[in-house]
Amino acid sequence: MGNYNKDGKIVVENGVVVICDVDGVLVDFYKLFHDFINNDKEMKEKGISAPEDYIPSYWDYKCLIKEEGLFKKKFDELPNNWPENMDLLEGSKSYVDQVKKLGSRVILLTNIPHYMQHNRIQNLISHGVIFDEAYFSPSTPPVPKHEYLNSLKSRYVDKNGNPVKFVFIDDRTKNITQT
C-alpha cells in the first residue's frame with residue numbers, strides 16, 4: 001500500500017505522483033473498437049468504418065456513427081469482459097516500469113462502467129502492468145477527471161512532509177486543461 005506519515009498522508013519516495021489514464025494511454029482502446037466497427041455486418045451495410053488512424057472525438061464514436069442509438073446497440077452486443085481483450089500500447093508497460101523504478105507512485109484514473117472495472121484490472125495485471133492505485137470515474141454520466149485529481153492532491157507528501165508533484169497523462173486534451 002505505502003508508507004504513511006504521522007498525519008496519515010501517503011509518503012512518496014521521490015515526491016512525484018504519476019496519474020495515468022488507461023484507454024489510449026496504456027491500452028489500445030481504439031484498435032478494439034475500430035476492429036469491432038469495421039468487422040460488424042450492420043456497420044458495413046450502413047457504410048460506417050473507422051480508418052486505422054482515426055481517433056474519435058467522443059468515446060461512443062458519435063462523431064462517426066450518426067444514427068441515434070446505433071453505437072449503444074452495438075456496444076451492448078460486445079461481451080461484458082471486452083476490457084480484458086485490449087492490447088497494451090507499445091512502450092506503455094516499460095514506461096510504467098521506469099516510473100516505478102524512479103520511486104514515483106503510479107495511479108490509474110479511467111472512465112469505465114462499474115461492472116467492467118474488474119475486467120480492466122485483470123487486463124492490466126495479465127500484461128504485467130504494476131500500479132499503486134486505481135480510480136474509476138463513472139462513464140455515464142461522466143465525472144470530470146479534474147474532480148478526482150483535486151481530491152487526490154492532499155493525500156500525498158514527500159519524505160520531508162511537503163506536497164508532491166503531480167504528473168497527469170491523458171489522451172484527451174480537455175482532461176488535462178481542466179486540471
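1. A quick word on terms before the helices: a residue is called buried here when its relative accessible area is under 20%. By that cut-off, Phe29, Tyr30, Leu32, Phe33, His34, Phe36 and Ile37 of helix 1 are buried. Keep in mind throughout that we are looking at a predicted model. As for where these side chains go, the buried residues of helix 1 pack against helix 2 (41-45) and helix 3.

2. On to the main core. The largest nonpolar core has 35 residues, and those touching the most other members are Phe33, Tyr61, Ile65, Trp82 and Leu108. Several elements feed into this core with at least two residues each: strand 3 (16-20), strand 4 (105-111), helix 1 (29-39), helix 3 (70-77), helix 4 (92-101) and helix 5 (117-126). Which of them gives the largest share? That is helix 1, with six residues. As general background, nonpolar side chains in soluble globular proteins tend to be buried together.

3. Leucine 108 deserves a click in the viewer. Setting aside residues up to four places away in sequence, leucine 108 touches Cys20, Val22, Leu26, Leu124, Phe131, Glu133, Ala134 and Tyr135. Apart from the largest core there is another one, made of eleven residues, including Val12, Ile19, Tyr156 and Val164.

4. Now strand 3. Four of its five residues are buried, so the strand is mostly covered. Strand 3 pairs in the parallel sense with strand 7 (residues 165-169), over five bridges, and valine 16 stands opposite lysine 165 of strand 7. Strand 3 also pairs with strand 4, again in the parallel sense, this time over four bridges. There, valine 17 has arginine 105 of strand 4 as its bridge partner.

5. There is also an open sheet of three strands, with the order 1-2-6 and mixed pairing. Strand 1 (3-4) and strand 6 (156-157) are the edge strands, each pairing on one side only. Strand 1 meets strand 2 (residues 10-11) in the antiparallel sense over two bridges. Tyrosine 4 has isoleucine 10, in strand 2, as its bridge partner.

6. Salt bridges next: the model holds 14 of them. Take lysine 72 and aspartate 76, whose side chains meet at 2.8 Å, N to O. The two are four residues apart in helix 3, which means that about one helical turn separates them. In general, an α-helix has 3.6 residues a turn, so residues three or four places apart point the same way. Lysine 72 counts as exposed because its relative accessibility is 54%, while aspartate 76 is partly exposed, with a relative accessible area of 48%.

7. Helix 4 has a salt bridge with the same spacing in sequence, four residues, between aspartate 97 and lysine 93. Their side chains meet at 2.7 Å, N to O. Aspartate 97 counts as partly exposed at 29% relative accessibility, and lysine 93 as partly exposed at 28%.

8. Buried or exposed: what about glutamate 133? At 8% relative accessibility, glutamate 133 counts as buried. Its salt-bridge partner is arginine 105, the closest N and O atoms being 2.8 Å apart. This pair links distant parts of the chain, with glutamate 133 in strand 5 (residues 133-137) and arginine 105 in strand 4, 28 residues apart. Arginine 105 is buried too, with a relative accessible area of 7%. Arginine 105 is worth tracking for a second reason, as the bridge partner of valine 17, and glutamate 133 appears among the residues that leucine 108 touches.

9. One more charged group: Asp40, Glu42, Lys73, Lys74 and Glu77 are joined into one network by salt bridges that share partners.

10. Last, asparagine 123, which sits in helix 5. Asparagine 123 is buried, with a relative accessible area of 1%. What does its side chain reach? The backbone oxygen of methionine 86, at 2.9 Å. Leaving aside neighbours within four places in sequence, asparagine 123 is in contact with Val27, Pro83, Glu84, Asn85 and Met86.

Technical notes. Residues numbered from 1 in each chain as written. Predicted model: local features only at pLDDT ≥ 70, side-chain atom pairs only at ≥ 80, totals over all residues. Heavy atoms only, no water. Core = buried A, V, L, I, M, F, W, Y, C linked by side-chain atoms within 4.5 Å. Buried < 20%, exposed > 50% of the residue type's maximum accessible area, 1.4 Å probe, protein only. Contact = heavy atoms within 4.5 Å. Pairing = 2+ DSSP bridges. Salt bridge = Lys/Arg side-chain N within 4 Å of Asp/Glu carboxyl O. Polar contact = N/O pair within 3.5 Å; in protein donor to acceptor, adjacent residues only side chain to side chain.
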